[in-house]
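Thanks for coming. I'll take a few minutes to walk through one structure, strand by strand and helix by helix.

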Amino acid sequence: MKLLKPSWVSHNGKPIFSVDIHPDGTKFATGGQGEDSGKVMIWNMAPVLREEDEKNENVPKMLCQMDNHLACVNCVRWSNNGLYLASGGDDKLVMVWKRAAFIGPSTVFGSSSKLANVEQWRCVTILRNHTGDVMDVAWSPHDVWLASCSVDNTIVIWNARKFPEMVTCLRGHTGLVKGLTWDPVGKYIASQADDHSLKVWRTVDWQMEANITKPFSECGGTTHVLRLSWSPDGQYLVSAHAMNNSGPTAQIVERDGWKTNMDFVGHRKAVTVVKFNPKIFKKKQKNGSSPKPSCPYCCCAVGSKDRSLSVWLTSLKRPLVVIHDLFDKSIMDISWTLTGLGMLVCSMDGTVAYLDFSLDELGDPLSEDEKNTIHQNIYGKSLAITSTEAQLSTTIIENPEMLKYQQERQNSAQANAGPGGAGPESSAPKLNSVMNGESLEDIRKNLLKKQVETRTADGRRRITPLCIAQLDTGDFSPALFNSVPILPSGSSMSSQLTNQLSSDSSPGQLRPSHDAMLTSPPANSAAKGLEDNNDGVKSSLLLTSASKIEPMKALDSRFTERSKATPGVTAAISSTAGLTPLDSRPKDALSALKDAKTKEETSSDSEDKMAAINKNLAFGKRKPELLLDGGEVVEKRKKGRPRKDKVAASIPQPFPQVTPPAEREASRVSAPPAPIAVLKLPTPSTKKAFSLQVSMEPSVFLEVENEVSVVAGSKLSQLRCSRDGRDWNTLLPSSVVTAAGSSDVLAVACEDRMLSVFSSCGRRLLPSIQLSTPVSALHCSAHFVMVLTAGATLSVWDVHKQKALVKNESLLTILSGADTSVSQSLLTQQGVPVIGLSNGKSYCFSSSLETWTLIADKGDSLVQCADFRSCLPTHDAPVSSGPLAVMQGRNLNAGRLASRLSSTPHHLQQSMTLAFLENQLASALTLQSAQEYRYWLLIYARFLVNEGSEYRLRELCKELLGPVHKSAATSWEPTTLGLRKRELLREVLPVIGENLRFQRLFTEYQDQLELLRNK
Amino acid sequence: MAKVQVLNVAVLDNPSPFGNPFQFEITFECMEDLPEDLEWKIIYVGSAESEEYDQVLDSVLVGPVPAGRHMFVFQADAPNTGLIPESDAVGVTVVLITCTYRGQEFIRIGYYVNNEYTDPELRENPPLKPDYTQLQRNILASNPRVTRFHINWEGLADKMEDSENVDPSSNISGMLPPSCIPEKMPPLGLIADNSMDFM
């Protein structure tokens, strides 16, 4: 065994928490603490392997560094195909990196000048879901999934073929989850946490398979990580920190029955990391000796907080080798080369060690074929031997219908992906040149002249930057970077370097001179000396040019301190010469703004007055002291009163699409204070004349002119209606207060509390209805008429059937609160009356239940917290506008808080979302809004499928399917809101089919539907 | 993670007479479409003694910024000489380019600027009252000092508390001349690249 500590692998002395060797063995990644962020670094393997490469200045050591993580990086892992690197850190993020091909070396602008990134790795996805530090990440065999675990006690499984899609979130740990390992066969994933448990989860249904606690009961949460590992043959799982007779061990868990009979003993402190060699070995056949069939065995490295490393062969009772004092601090991570002979170990002390083993020491590694044979013998057909095109999970599709459905899905998915876009490739960003063949150099020459500069409304300069490359999905376009390097750093160097890299990268033998050499201290001190030297040179250089060192020090702080000048820019600007346009323009803008404001003020003022007038009318009989607003209102009333008629008269006669002003005002007026016994709602004022459009298609206009003629002492009012250009008119004996209409009926309410209903052709449909109190609001919809009276009673009539649907129902029940008032009222096409209150609640009166039902509550915490965005249909149009949407507001702020409440336990949010969705369904049902019912039903189903609530799904399906055989006794209605339930089921089933876990449910109902169809 | 990475700043028209406008060609990359404009500023530090003499030479909005790589030239007039203390006119000072998003500064690029008389005569015996027409401005383009700050890019109502990360180098740099900040130390043997070119 050879041992080497490459001192140049360092994060400037900061801890290195993770190390991982690239599958092709040419490079490795480290993750840890950076200067003020987390840091991921990618290193060339060649200088580790060969001394001549280490000495050759043309062979780069560091390939790339990424400081995008905001906080310490706890784990870096290459995907099995080597295309991606995943990193997880204390910033709760998992980042997935991909190499940007075709970009030459570049410096990080402003960083240690010429330390170039030889390779460009850039973040292609940021996976956000964890609410705490991400401790470990792991790619599943064949990179189907990426798992990440966190101190938020959860494990998230990401769809690695479709980032950032989340497959599931595994919950069950009650402590910080600090390690993950996939079963090499792909059936399980195991996790170890501070809650004294190791849990094994099935990948079929993501449920817990085993919970192993006994060996961990004595453990304290003392380690930063608990990186456990699964043996390459899949037979053993070895935990990190476990205890046996109060001694620290690495517990061996057998796959067969999850037995815990064996452990690796000997470390003096907790085991932080266990890593199996990816190879299975067999005894080295000595020349001459007869080839004995020997049992294959595995090799495992164990690192501990006691700073020592042990390597074990499962064929030996004692460790193959134990290395003490390799580091100054705890070992944090171990990575084997794919050849199984090399191993990198990193430590909290910020150093890395490389171990090189010989075949004599470990044995003969089995070939991949032999390994597969072992897998096949043990597991039958395993995922490890199926091709990479294998299905996403090991679940066997059990029936042809399901298979067909899944295939259809795949096909359509492929079709969507479009030509050339296959799988992960398409999700990687891409820079597309947008320069139309113009060279960058040309562009740069004329950039200042060419760039578009405008002035914003407030007079500021605004430059539209020239887009030289678009970020797109795909890979980096070579066209851009072949021409001219954007960065001044030498591009000539790049090709050289990359050549060097590729030629030198083949993993080879370690050079002899590095045998058991721990070179770090001398190298460090030497480096330090040089640095000092540098300082000297630098300062002298500076001194020659600038003799003022003192102010330089002061200047220096300016580089790093956020300027105090920032907030007070305007002041600074005005004092600066040459900025006159800036000075003059804002003033203009300001004055314009002022104008607008005054206008607004006057308009709102007049509206206030209108409201006051109204209030006055509504409470006209009461004493002024009863008015809420006291003197001010009274005063306004005095002013307002003479204006009343003027305002009314000034409303232009032929004014299309005017909502009755009365109604608008009604909504502004607050209800009388609570102590008043008789509830009163505001009533619209009588106007001389008004007009409104009651229907668009066909277009129906209604014009009212009060007191047109006096006949025999009584004043007559005229109602004129034009429908598709044809007019009719009629006369009424009293002034019309308000009118409403639909395409079918027209209704007018008069001052004498009479309600008249006409057909759209002017035929009187009902005799005049005498109302108990004046009308507050009047609505027509289809053939329904709704009246809300000032006495706070509600009536709805079905004009066709000449029947009352709601009869003088009091609003007392819903207006019980102190300051609640009616802010909105409407009548749906189905004749369901809806009342919106000022407290954000909306009620409808259900005539079948004969009661008020709550359909929407803007302040409902469920609405705020429900998060079903992932279940929203993508292709469908957003919520069809229906009464429910109207009452809840178009921009339903459901889920708005959801992101902020990410700390809420998931199960809580899940329940809230479920409750919210069920409320929506029930509301849509009561409102008889079929489209909205269907919309929410599909979201509900999708949510149930995502969250895996089989019981509710089954109940839903059962309800929708109804009894298969007709019998007289069933009360099942085949339709709901005019929608055929079985049609709905047909829509819901594909949603269910998306989750293979419910394939039985899918099949069951699919079959029954087929059966029914054939009947 | 910062959504905007500054890839390069090229100092144009450098060195140049003191009265010429500053010109910086800025190349940056944006991870995703930005709903709001970036605001760039050039601040000229008039005197090392006090921030009082800082002059915001100009401030521009840059947008719209879709995801991708962009460049623009930021030109700003030379500082108002009336606001520079006479004793600080000649010699080394600093010009800063800052960029803010939603009112939060996330990057600060600083350059040393050396103002010198080109005429050897004047250099030997500088006039008491600085003659700005004879001064040459030389921006030390090869040694930008970049400080990045973590900001809240999402712009939610609850602003991230001021998680400013003071460049750690400032803590230890007290005794060192500016270009010798350990954190920005170039690897060994590369001193020349990083040295001053305004001599």
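I'll start with one cysteine. C750(A) is buried, at a relative accessible area of 7%. Buried here means under 20% relative accessible area, exposed means over 50%, and partly exposed is in between, with a 1.4 Å probe and protein chains only.

Before going on, some housekeeping. This is a predicted model, in which local features need pLDDT of at least 70 and side-chain atom pairs count only at pLDDT 80 or more, while totals for chains, interfaces and linings use all residues. Residues are numbered from 1 along each chain as its sequence is written, chains are lettered from A and ligands numbered from 1 in the order in which they are written, and side-chain values use heavy atoms, with hydrogens and water left out.

Staying with cysteines, how many disulfides does the structure hold over all chains? Zero. The cut-off for a disulfide is a pair of cysteine sulfur atoms within 2.5 Å. C467(A) is in no disulfide, and the nearest cysteine sulfur to it, that of C30(B), is 10.0 Å away.

Now the strands. Helices (H or I, at least four residues) and strands (E, at least two) are DSSP runs, numbered from the N terminus. Two strands count as paired if DSSP finds at least two bridges between them.

C750(A) closes strand β39, residues 745-750 of chain A, which runs antiparallel to β38(A) and is joined to it by five bridges. In that pair, A739(A) is opposite V748(A), and the hairpin between the two strands has three residues. Strand β38 itself covers residues 736-741 of chain A; six of the six are buried, so the rest of the structure largely encloses it.

Next, strand β44, residues 793-798 of chain A. Is β44(A) mostly covered or mostly open? Mostly covered, with six of its six residues buried. In a regular strand, side chains alternate between the two faces of the sheet. For β44(A), T793(A), S795(A) and W797(A) point one way, L794(A), V796(A) and D798(A) point the other way, and all are buried.

β44(A) has a partner on the N-terminal side in strand β43, residues 784-789 of chain A, which pairs with it antiparallel over five bridges. There, V785(A) has W797(A) as its bridge partner. The hairpin between β43(A) and β44(A) has three residues between the strands, and A792(A) takes a positive phi near 60 degrees. Another partner is strand β45, residues 803-810 of chain A, antiparallel to β44(A) and joined by five bridges. V796(A) stands opposite V806(A) in that pairing. Four residues lie between β44(A) and β45(A) in their hairpin, and in the turn Q802(A) has a positive phi of about 50 degrees.

Strand β15, residues 188-193 of chain A, also has six of six residues buried, so it is largely enclosed by the rest of the structure. Y188(A), A190(A) and Q192(A) are on one side, I189(A), S191(A) and A193(A) on the other. Five bridges join β15(A) to strand β14, residues 177-182, in the antiparallel sense, and W182(A) pairs with I189(A). Strand β16, residues 197-202, is antiparallel to β15(A) too, over six bridges, with A193(A) opposite S197(A).

Some annotation for that region. UniProt, in an unreviewed entry, places "repeat: WD" at residues 66-98, 127-168 and 170-201 of chain A. Those positions are in the numbering used here, feature names are shortened, and annotations may be inferred rather than shown by experiment. In the model, residues 170-201 are 0% helix and 56% strand, with end C-alpha atoms 8 Å apart. Residues 66-98 are 0% helix and 58% strand, with ends 12 Å apart.

Last, the helices. Helix α20, residues 950-961 of chain A, has twelve residues and reaches 16 Å between its first and last C-alpha, close to the 16 Å expected. The expected span is 1.5 Å times one less than the number of residues. Which residues of α20(A) are buried? L953(A), L956(A), C957(A), L960(A) and L961(A). Seen down the axis, they fall within an arc of 125 degrees, so they line one face of the helix; the arc is that of the directions from the helix axis to the C-beta atoms. Y951(A), E955(A) and K958(A), on the face turned away, are exposed.

The buried residues of α20(A) pack against α19, α21 and α22 of chain A, where contact means heavy atoms within 4.5 Å. In α22(A), the buried residues include F1002(A), Y1005(A) and L1009(A).
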